[in-house]
Amino acid sequence: MSETLTRCEWRGMAGDTLYEAYHDDEWGVPEYDSRALWEKLVLDGFQAGLAWITILRKRDAFRAAFDGFDPEKVARYGEADRARLMADAGIVRSNAKIDAAINGARIYLDMRDRGEDFSAFCWSFTGGRPVQNAWTAPGQVPAQTPLAVEMSKALKAKGFKFVGPVIVYAWMQAVGIVNDHMTSCPQHQRVKRLAR
């Protein structure tokens, strides 16, 4: 008797083509590009208190509003840019989250200018390789782990905001630092093979 492979059971995903494509093509795929890792961290920070699908539906608007998440441009944002972002109904309008994104760009550039690659920093917590979990049921997946707590503390120590352990763990899942696809999901083995 063969076992039927099914996608991870995410609330609201079934039949939502945007959400299904995100699950199948992006979530859990190991990301090693520094700028892309930073963009996803910013977006996960904006998610705080909201459902991820809300951010996913607004992602193109976020990219437009934040100049493609170019850290060089975002780091130079001043009061006029903050006002522009707060007036943009296409994104999540929160002064604290907008300030965290701008400040995060400055930290990202400071790290780079001191010779510290953001990707190398992020992946250093796992020795450069994704943690391969083997969850068989959604209830087994934790909201945070000791590794997420450690990474959260390190990000906070650098000055990043909206990087609590729950947000950081969701980000780690999204960027493939951990593989949390269910073992019954076809993506589990696919992203496992993508690991460096």
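Hi everyone, let's start with one residue, aspartate 117. You will find aspartate 117 in the loop between α6, which covers 95–113, and α7, which covers 118–123. Before going on, please keep in mind that this is a predicted model.

So, is aspartate 117 buried, exposed or partly exposed? Its relative accessibility is 41%, and because the partly exposed class runs between 20% and 50%, aspartate 117 counts as partly exposed.

Now look at what its side chain is doing. Which backbone nitrogens lie by a polar atom of the aspartate 117 side chain? One belongs to serine 119, at 3.2 Å from a polar atom of that side chain. Another belongs to alanine 120, where the distance to a polar atom of the aspartate 117 side chain is 2.8 Å. Looking back along the chain, isoleucine 107 is 10 residues from aspartate 117 in sequence, and the two C-alpha atoms are 11 Å apart in space.

Let's step back to the whole chain. How many helices and strands does the protein chain have? There are 10 helices and two strands. If you read along the sequence, the order is α-α-α-α-α-α-α-β-α-α-β-α. The radius of gyration is 17 Å, and the globule rule gives 16 Å for 196 residues; those values are close, so the chain is as compact as a globular protein of that length. As for its extent, the C-alpha trace spans about 65 × 35 × 25 Å along the principal axes.

What about the inside and the outside? Of the 196 residues, 50% count as buried. The accessible surface of the chain is about 9,500 Å², and carbon and sulfur atoms account for 52% of that. If you take the contacts between residues at least 6 apart in sequence, 68% of them join residues at least 24 apart.

A quick word on charges: the chain has 26 positive and 25 negative ones, and their mean positions are 2 Å apart.

Let me finish with a second acidic residue, glutamate 20. Where does glutamate 20 sit? Its place is in helix α1, residues 17–25. Glutamate 20 has a relative accessible area of 17%, and it counts as buried because the cut-off for buried is under 20%. Leaving aside residues up to four places away in sequence, glutamate 20 touches Arg7, Met13, Ala14 and Gly15.

To put our two residues together: aspartate 117 is partly exposed, whereas glutamate 20 is buried. Thanks for listening!

Definitions and conventions. Residues are numbered from 1 along each chain as its sequence is written. This is a predicted model: local features need pLDDT of at least 70, side-chain atom pairs count only at pLDDT 80 or more; totals for chains, interfaces and linings use all residues. Side-chain values use heavy atoms; hydrogens and water are left out. Helices (H or I, at least four residues) and strands (E, at least two) are DSSP runs, numbered from the N terminus. Buried means under 20% relative accessible area, exposed over 50%, partly exposed in between (1.4 Å probe, protein chains only). A polar contact is a pair of N or O atoms within 3.5 Å; within protein, one must be able to donate a hydrogen and the other to accept it, and residues adjacent in sequence count only if both atoms are side-chain atoms. The radius of gyration is taken over C-alpha atoms; the globule rule is 2.2 Å times the number of residues to the power 0.38. Contact means heavy atoms within 4.5 Å. Accessible areas come from the Shrake-Rupley method with a 1.4 Å probe; for residues, only the protein chains shown count as cover. Lys and Arg count as positive and Asp and Glu as negative; His and the chain ends are not counted. The place of a charge is taken as NZ of Lys, CZ of Arg, CG of Asp or CD of Glu.
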